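Please open the model in a viewer and keep the sequence panel visible. The tour below proceeds by selection, and each stop states what is to be found there.

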Amino acid sequence: MDETSLPVPAPGGRMLTAAAFGPHDGNPVISLHGTPGSRLHPPPDPAVLERTGTRLITFDRPGYGGSTRQPGRRVADAAVDVATVADAFAIARFAVTGYSGGGPHALAAAALLGDRVTRCASIASVAPMDADGLDFFAGMSAGNLEEFDQALAGGDTLEIALDPVAGAVAEDIYAFLAALRADLPEVDAALLDRPDVARWFATVTGEGLRPGPGGWVDDDLAFTAPWGFDVGSISVPVGVWHGTLDTSVPVAHAGWLAQAIPGAQGHLVTGAGHLGMLDQLAEVYVWLAG
């Protein structure tokens with residue numbers, strides 16, 4: 001599945017590991033993976049990229065997979081890494097998308113790289129924790145509530161909690177998926193039972209947590225702190241995709257983002273959960289092509 005991997009030197013002496021998928025002459029899209037996740041996160045069916053003419057560029061965020069950790073990073077810092085990866089692939093203009101925990105990072109690129117970003121798709125994304133008028137935790141699953149509580153307690157507490165999870169992933173990824181399934185609504189549990197989705201999740205998560213939980217810890221700490229930019233400053237077209245039955249990131253987050261981002265287009269998928277957004281990627285890639 002990993003067509004082209006590329007080590008990319010990043011500011012501060014760091015290294016990012018990037019990858020490219022799909023046709024070389026396709027519409028360039030830089031995709032930000034979920035939390036936890038890795039660069040190995042195209043849709044379970046790679047034919048989607050061929051069918052939509054998408055050249056998908058991905059990279060491990062700091063601390064995941066093959067990328068150097070960057071403790072203390074903010075959501076806004078992702079924009080520098082997106083630009084660095086685009087430069088490494090000689091891409092001047094591109095669309096961005098982010099799924100789940102990648103959503104805020106894609107929005108950072110849209111806000112801070114507006115001269116290079118053509119469009120941005122936010123998929124099942126969390127909103128800022130300090131979002132005015134949003135009850136951030138309402139409707140959220142027990143597992144995610146516990147994880148955010150640990151993040152708010154501090155990095156040491158969070159790392160102690162997530163370290164055994166990363167160890168379980170390394171030992172038996174499918175046992176980890178079985179435990180995850182218990183925290184999902186029925187619609188998402190059914191999707192995780194699909195062999196293609198289970199293989200995708202196992203590959204993405206296993207590679208992302210290979211060096212340990214550092215990237216996951218730093219993501220969660222970034223989400224619970226000020227993001228470092230105002231989503232209201234985004235001037236490029238933004239599409240907000242979200243399932244109405246999502247309990248990992250409740251749909252109210254999408255409603256807040258769609259209202260706070262000027263001109264944003266909401267795309268609610270009735271009856272879909274968090275994982276159900278994987279089946280919307282063909283639509284997303286067509287929209288990103290403009």
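The model is a predicted one. Begin with the residues around the largest cavity: select Phe-59, Arg-61, Pro-62, Gln-70, Arg-73, Arg-74, Asp-77, Ala-78, Asp-81 and His-105. The space that they line has a volume of about 50 Å³. By class, this lining consists of five charged, three nonpolar and two polar residues.

How many cavities of 30 Å³ or more are there? The count is two. For the second largest, select Pro-44, Leu-191, Arg-194, Val-197, Leu-275, Leu-278 and Asp-279. This cavity holds about 30 Å³ of space. Five residues of its lining are nonpolar and two are charged, with no polar residue among them.

**The largest pocket**

Next, turn to the largest pocket, which contains about 980 Å³ of space. Its lining comprises 45 residues, and those closest to its centre are Thr-35, Pro-36, Asn-144, Glu-147 and Leu-180. Selecting these five residues places the view at the middle of the pocket. The lining as a whole divides into 24 nonpolar, 17 polar and four charged residues.

To see which elements surround the pocket, colour the strands β3 (27–32) and β5 (94–99) together with the helices α4, α5, α6 (173–181), α8 (195–208), α9 (214–224) and α11 (281–288); each of these supplies at least two residues of the lining. Which element gives the most to this lining? It is α4, with six residues.

**Two backbone details**

Remain with Thr-35 and Pro-36, and display the backbone. The peptide bond that joins Thr-35 and Pro-36 is cis, with omega at about -5°. Pro-36 is placed in the loop between β3 and α1 (47–52).

Now select Ser-100, in the loop between β5 and α3 (102–112). The phi of Ser-100 is near 60°, a positive value in a residue other than glycine. For context, most residues other than glycine have a negative phi, and most peptide bonds are trans.

**Helix α4 against helix α5**

Select residues 142–153 for α4 and residues 155–171 for α5; the axes of the two helices come within 5 Å and cross at roughly 140°. Angles over 145 degrees would count as roughly antiparallel, and α4 and α5 are therefore oblique to each other. The crossing of α4 past α5 is left-handed. To view the contact, show the side chains of Glu-147, Gln-150, Ala-151 and Ala-153 in α4, and of Thr-157, Leu-158 and Ala-161 in α5. The residues of this contact are four nonpolar, two polar and one charged. Glu-147 was met earlier, as one of the residues closest to the centre of the largest pocket.

**Helix α5 against helix α9**

Keep α5 selected and add α9. Here the axes lie 9 Å apart, and the helices pack at an angle of about 140°. α5 and α9 are therefore oblique to each other. In which hand does α5 pass α9, left or right? The crossing is right-handed. On the α5 side, select Gly-155, Leu-158, Glu-159, Leu-162 and Val-165; these meet Trp-216, Val-217, Asp-220 and Leu-221 in α9. This contact divides into six nonpolar, one polar and two charged residues. A final selection may be Leu-158 of α5, which takes part in the contact with α4 and also in the contact with α9.

Terms used:
Residues numbered from 1 in each chain as written. Predicted model: local features only at pLDDT ≥ 70, side-chain atom pairs only at ≥ 80, totals over all residues. Heavy atoms only, no water. 1 Å grid on protein atoms, 1.4 Å probe; cavity = no way out; pocket = protein on both sides within 12 Å on 5 of 7 lines; lining within 4 Å. Points joined across faces, edges and corners; volume = space filled by probe spheres on them. Nonpolar A, V, L, I, M, F, W, Y, C, P; charged D, E, K, R; others polar. Axes fitted to C-alpha atoms, helices over the stretch in contact; angles between N-to-C directions. Helix = DSSP H or I, 4+ residues; strand = E, 2+ residues; numbered from the N terminus. Parallel < 35°, antiparallel > 145°, perpendicular 65-115°, else oblique. Left-handed = near helix turned anticlockwise from the far one by under 90°. Contact = heavy atoms within 4.5 Å.
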